[in-house]
Amino acid sequence: MHAVILAGGKGVRLRPYTTALPKPLVPIGDEHAILEIVLRQLSGVGFTHCTLAIGHLGEIIRAYVGDGSQWGMSIDYATEESPLGTMGPLLTLKDRLPEHFLVMNGDILTDLDYADVLRRHRRSAAPLTIATYPREVRIDFGVLTTDAGRVVAFTEKPSIDYRVSMGVYGVSRSALDPYLPGLPLGFDELVLDLIAAGTPPHAYAFDGYWLDIGRPDDYDRANAEFTSRKSLLLKGA
């Protein structure tokens, strides 16, 4: 099984922690970088090969991870010379990848079973599988529905339930065929194109633990919770 970890971003929202370190290498707890946790998880569920798509401060990542042998994996690298969007780096890698593979952001903490995502993706026959997570947004105001200057409905402080992308995907090479390597490709563009083509992505629903470490308060939460969740996040790894 092959995984691609997207680790080329500048981590602007996480400054000052990312001033000197790439975001995937910021420490969690007293012992581990985020990327180390992810690699141990991948190895623990059977992934044997991983490609790291690097860019900003990528040489630090390369020096830290090496060839992956410390996690029992074979790791290679793809360097992003200019920003290519979320999915753009995959286009230059396509010939090096198997028919079906896992893609994920390098800055998430979750107990998601990555191997099951890839297995379910293969069985779905969809070109793309998106791991999804429930979110609830509470509106702290009374919400009005208006029509032609009249209030026709009112809801007091409603909540909205929806599912968001976790930043983990099962991808088939066929999903990338219409696009030119070297040009940017955003996740939103790919999803909308697949829907328009009548080949919509498959959704993999997950309700366990997931934290996207994008902002300082997310990072603080990750550190506060890691000790109590370490056995969950690193089970079998």
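**Before the views.** A residue counts as buried under 20% relative accessible area, as exposed over 50%, and as partly exposed in between. With that in hand, arginine 173, at a relative accessible area of 26%, is partly exposed. Please keep in mind that this is a predicted model. The chain has a mean pLDDT of 89, and 94% of its residues reach 70 or more. Among the elements of the chain, strand S12 (residues 202-205) has the highest mean pLDDT, 97, while strand S2 (residues 27-28) has the lowest, 83.

**View 1. Arginine 173 and glutamate 99 form a salt bridge between distant parts of the chain.** Here the two side chains meet with N and O 3.5 Å apart. Arginine 173 sits in the loop between strand S11 (159-172) and helix H5 (187-196). Its partner, glutamate 99, belongs to the loop between helix H3 (88-93) and strand S6 (100-105). The two residues are 74 residues apart. How accessible is glutamate 99? Its relative accessibility is 35%, so glutamate 99 counts as partly exposed.

**View 2. Leucine 176 is a buried residue in the loop between S11 and H5.** This is the loop that also holds arginine 173. Leucine 176 has a relative accessible area of 0%, and because buried means under 20%, it clearly qualifies. Which residues does leucine 176 contact, leaving aside its neighbours within four places in sequence? They are Leu90, Leu91, Lys94 and Phe101. Glycine 88 makes a useful landmark: leucine 176 and glycine 88 are 88 residues apart in sequence, yet their C-alpha atoms are 9.2 Å apart in space.

**View 3. Arginine 163 pairs with aspartate 207 in a salt bridge.** The closest N and O atoms of this pair are 3.2 Å apart. Arginine 163 lies in strand S11, and aspartate 207 in the loop between S12 and strand S13 (210-212), so the salt bridge ties together parts that are 44 residues apart in sequence. The partners fall into separate accessibility classes: arginine 163 is partly exposed at 40%, whereas aspartate 207 is exposed at 59%.

**View 4. Four charged residues share a salt-bridge network.** Asp113, Asp116, Arg119 and Arg120 are joined into one network by salt bridges that share partners. One of these bridges links arginine 119 to aspartate 113, with their closest N and O atoms 4.0 Å apart. Arginine 119 has a relative accessible area of 36% and is partly exposed; aspartate 113, with 32%, is partly exposed too. Across the whole structure, a search finds 12 salt bridges.

**View 5. Strands S4 and S5 run parallel.** How many bridges join S4 (residues 49-54) to S5 (residues 74-79)? There are six. To get your bearings, look for histidine 49, which stands opposite serine 74 in S5. Between the two strands, the chain passes through helix H2 (residues 58-65), making a right-handed β-α-β crossover.

**View 6. Leucine 52 is one of the best-connected members of the largest nonpolar core.** This core has 35 residues, and Leu42 and Leu52 touch the most other members. Not counting residues up to four places away in sequence, leucine 52 touches Ile5, Leu35, Ile61, Val65, Ile75, Asp76, Tyr77 and Ala78. Another core lies apart from this one. It has 22 residues, including Leu6, Leu93, Ile130 and Val171.

**View 7. Helix H1 is largely enclosed by the rest of the structure.** Why does H1 (residues 34-44) fit this description? Eight of its 11 residues are buried, so the rest of the structure largely encloses the helix. Follow them along the helix: Ile34, Leu35, Glu36, Ile37, Val38, Leu39, Gln41 and Leu42. Just after H1 comes glycine 46, with a positive phi of about 105 degrees.

**View 8. Glutamine 70 is an exposed residue in the loop between H2 and S5.** Its relative accessible area is 56%, and because exposed means over 50%, glutamine 70 belongs in that class. Leaving aside neighbours within four places in sequence, glutamine 70 is in contact with Tyr64 and Val65. For a sense of distance, compare its position with that of aspartate 161: the two are 91 residues apart in sequence, and 42 Å separates their C-alpha atoms.

Methods
Residues are numbered from 1 along each chain as its sequence is written. This is a predicted model: local features need pLDDT of at least 70, side-chain atom pairs count only at pLDDT 80 or more; totals for chains, interfaces and linings use all residues. Side-chain values use heavy atoms; hydrogens and water are left out. Two strands pair if DSSP finds at least two bridges between them. Helices (H or I, at least four residues) and strands (E, at least two) are DSSP runs, numbered from the N terminus. A crossover is right-handed if, with the strands pointing away from the viewer, the path from the first strand over the helix to the second runs clockwise. pLDDT is the predictor's confidence in each residue, from 0 to 100. Buried means under 20% relative accessible area, exposed over 50%, partly exposed in between (1.4 Å probe, protein chains only). A nonpolar core is a set of buried Ala, Val, Leu, Ile, Met, Phe, Trp, Tyr and Cys residues joined through side-chain atoms within 4.5 Å. Contact means heavy atoms within 4.5 Å.
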